[in-house]
Amino acid sequence: MALAKTEAIVLKSIRLRETSKIATLYTSDYGLVSVVAKGSRLPKGKFGAGLEPFMHISIVFYMKEGRDLQFLSELDVIEPFLPLHRDLVRFAYGSAVVEFISCVVHGEEKNPALYGLLLETLKSVSKAEHELLSALLWIFELKACDILGYRPEFSSCVACKSEERNLASFAPLLGGTVCERCLSREPSAIDVRPEVVACMRKLQKASVRRIEPLKEASSLGREITTLLDSFLAHHIERYRGLNSARMIQTITRAVQASSR
């Protein structure tokens with residue numbers, strides 16, 4: 001059994017008996033890793049609050065190949081992302097980001113691009129204006145799909161490759177827009193308005209580091225979410241929608257009601 005050192009983001013943690021925790025981490029060097037943190041629930045446990053969700057940490061753990069649970073030895077907090085813990089809206093969107101990673105990542109295979117995207121997205125969630133967080137989550141999901149090889153097509157017909165014809169529908173199974181001429185061959189396609197397709201192209205080109213206001217995104221939010229959920233459910237085996245999405249809706253409604 002060897003000692004391994006890496007950076008990680010805490011996706012979630014659960015209690016283990018009276019004194020310990022099991023934490024699911026997305027690491028920069030070993031992909032998805034679950035660790036047992038003995039004594040982490042004790043008042044003076046050496047890991048402190050370092051295993052709370054969103055924490056960017058440096059860890060040393062005992063690694064044994066083929067074992068589902070590794071054992072945590074050392075932990076240092078690099079960035080706690082405190083705004084995500086102090087602001088319910090940010091907490092909800094941060095939860096959606098880490099839940100998405102839990103859905104799409106399998107096993108101990110590193111992916112530096114996806115790890116970097118996760119880290120940069122959490123940085124942006126911690127400081128972006130509230131009204132930009134929906135667009136930020138969509139951009140994150142689209143970038144993650146791109147990195148994982150599932151990039152949806154919004155610039156041409158996925159059946160005939162034409163860029164000229166009216167792209168009036170989206171075929172989740174084929175992974176992109178379908179023109180009117182090819183629609184009859186794809187009965188499962190869903191109708192999509194041209195402004196939604198145009199907005200999806202903008203979101204694909206946007207960066208999680210620097211979010212620009214997309215005025216049309218707020219009015220098209222429900223259609224964008226439906227389209228993305230349908231695409232993800234067809235291409236990512238474990239994706240059944242995000243539980244955090246319901247938390248976002250509940251908290252957003254509560255915040256809006258309190259501001260009236």
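This is a short walk through a few helices and aromatic rings, one selection at a time.

Before you click, know that the model is predicted: local features need pLDDT of at least 70, side-chain atom pairs count only at pLDDT 80 or more, and totals for chains, interfaces and linings use all residues. Residues are numbered from 1 along each chain as its sequence is written, and side-chain values use heavy atoms, with hydrogens and water left out.

**Stop 1: helix 2 and helix 4**

Select residues 88–104, which are helix 2, and residues 133–147, which are helix 4. Helices here are DSSP runs of H or I with at least four residues, strands are runs of E with at least two, and both are numbered from the N terminus. The two axes sit 11 Å apart at an angle of about 10°, which makes helix 2 roughly parallel to helix 4. (Axes are lines fitted to C-alpha atoms, for helices over the stretch in contact, and angles run from 0 to 180 degrees between N-to-C directions; under 35 degrees counts as roughly parallel, over 145 as roughly antiparallel, 65 to 115 as roughly perpendicular and the rest as oblique.)

Now show side chains. From helix 2, V89, R90, Y93, A96, V97, F100 and I101 meet L133, S134, L137, F140, E141 and A144 of helix 4; contact means heavy atoms within 4.5 Å. By class, that contact has 10 nonpolar, one polar and two charged residues. (Ala, Val, Leu, Ile, Met, Phe, Trp, Tyr, Cys and Pro count as nonpolar, Asp, Glu, Lys and Arg as charged, and the others, Gly among them, as polar.)

**Stop 2: helix 3**

Keep helix 2 and add residues 112–125, helix 3. Their axes come within 10 Å and cross at roughly 170°, so helix 2 is roughly antiparallel to helix 3. On the helix 2 side, pick R90, Y93, G94, V97, V98 and I101; they meet L114, L118, T121, L122 and V125 in helix 3. This contact divides into eight nonpolar, two polar and one charged residue.

How many of the 14 residues in helix 3 are buried? The count is 10, where buried means under 20% relative accessible area, exposed over 50% and partly exposed in between (1.4 Å probe, protein chains only). Among them are L114, Y115, E120 and S124. To see what covers the buried residues, turn on strand 1 (2–16), strand 2 (20–27), strand 4 (56–63) and helix 1 (82–86), which are included in the cover along with helix 2 and helix 4.

Just past this helix, click S126, in the loop between helix 3 and helix 4. S126 is buried, at 15% relative accessible area. Leaving aside neighbours within four places in sequence, S126 touches F81, P83, L84 and R90.

**Stop 3: the aromatic rings**

The whole structure has seven aromatic pairs. (Rings of Phe, Tyr and Trp, its six-membered ring, pair if their centres lie within 6.5 Å; planes under 30 degrees apart count as stacked, over 60 as edge-to-face and the rest as tilted.) Go to F54 and F91, an edge-to-face pair with 5.6 Å centre to centre and 80° between the planes. F54 lies in the loop between strand 3 (31–37) and strand 4 and F91 in helix 2, so the pair ties together parts 37 residues apart in sequence. F54 is buried at 0%, while F91 is partly exposed at 27%.

Next, select F154 and F170, a stacked pair: 5.5 Å between centres, 15° between planes. Both F154 and F170 are buried.

Finish with F100, F140 and Y239, which form one aromatic cluster.
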